[in-house]
Amino acid sequence: MANHREWSFGGHHAHFEEPDLLVMKFNGPSKLEDCQRVLEVCQEVAEKQPVFLISDVSNSLLDKEARELLVEHSKAEWFRGHIYVGTGPREVAGAKALMLALYFTGRWMVEVDFAESERDARDLVSRKRAQLPKQ
């Protein structure tokens, strides 16, 4: 049976699907303690290999302190790619600001994409997997 793990924290939910997909759905505000949990989950699932992360942010807000925590402690080696779902202009601007801050740290070279739906994001992950070097 495939390894499928789940986490809930605040109004948010995350689940991991083998071989390398982490899906997070954020509902409501993401506070400092929520983002600390996000970092813990990302680190845990990436112990064996980097993962693709789909973040559904269509119903969420990220406060400044929480964003700064993510910038400071996210590690590029955890990820193969990051795809945001449900982003309006405000969320795209916030996501791009977060990614730009991470790029400027010199520690972040992970490709970031935006998708209209989780299905579109999963299709993008499939295409990206197909482009990975065979091991």
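Colleague: Before we start, what counts as a strand here?
Modeller: This is a predicted model, and its strands are read off as DSSP runs. A strand is a run of E with at least two residues, numbered from the N terminus.

Colleague: OK, where is the place of S30?
Modeller: Look at residues 21-30, which make up one strand. S30 is in that strand, β3.

Colleague: Is S30 buried or exposed?
Modeller: The cut-off for buried is under 20% relative accessible area. S30 comes in at 5%, so it counts as buried.

Colleague: Which side chain makes a polar contact with the side chain of S30?
Modeller: Leaving out residues up to four places away in sequence, S30 touches H12, C35, L61, L62, D63 and A66. The polar contact between side chains is at 3.4 Å, and the partner is H12.

Colleague: C35 is in α1, right? Why are the buried residues of α1 on the same side?
Modeller: The buried ones are D34, C35, V38, L39, V41, C42 and V45. They sit on the same side of α1 because the arc they cover around the axis is only 165°.

Colleague: How does α1 run relative to β3, at what angle?
Modeller: Helix α1 lies across β1, β2, β3, β4 and β5. Its buried residues pack against those strands, and against α2 too. Relative to β3, α1 runs at about 175°.

Colleague: And in what order do the six strands form the sheet?
Modeller: It's an open sheet with mixed pairing. Within it, β3 and β4 pair in the parallel sense over nine bridges, with N27 opposite N59 in β4. The order is β1-β2-β3-β4-β5-β6.

Methods: Residues are numbered from 1 along each chain as its sequence is written. This is a predicted model: local features need pLDDT of at least 70, side-chain atom pairs count only at pLDDT 80 or more; totals for chains, interfaces and linings use all residues. Side-chain values use heavy atoms; hydrogens and water are left out. Helices (H or I, at least four residues) and strands (E, at least two) are DSSP runs, numbered from the N terminus. Buried means under 20% relative accessible area, exposed over 50%, partly exposed in between (1.4 Å probe, protein chains only). Contact means heavy atoms within 4.5 Å. A polar contact is a pair of N or O atoms within 3.5 Å; within protein, one must be able to donate a hydrogen and the other to accept it, and residues adjacent in sequence count only if both atoms are side-chain atoms. The arc is that of the directions from the helix axis to the C-beta atoms. Two strands pair if DSSP finds at least two bridges between them. Axes are lines fitted to C-alpha atoms, for helices over the stretch in contact, and angles run from 0 to 180 degrees between N-to-C directions.
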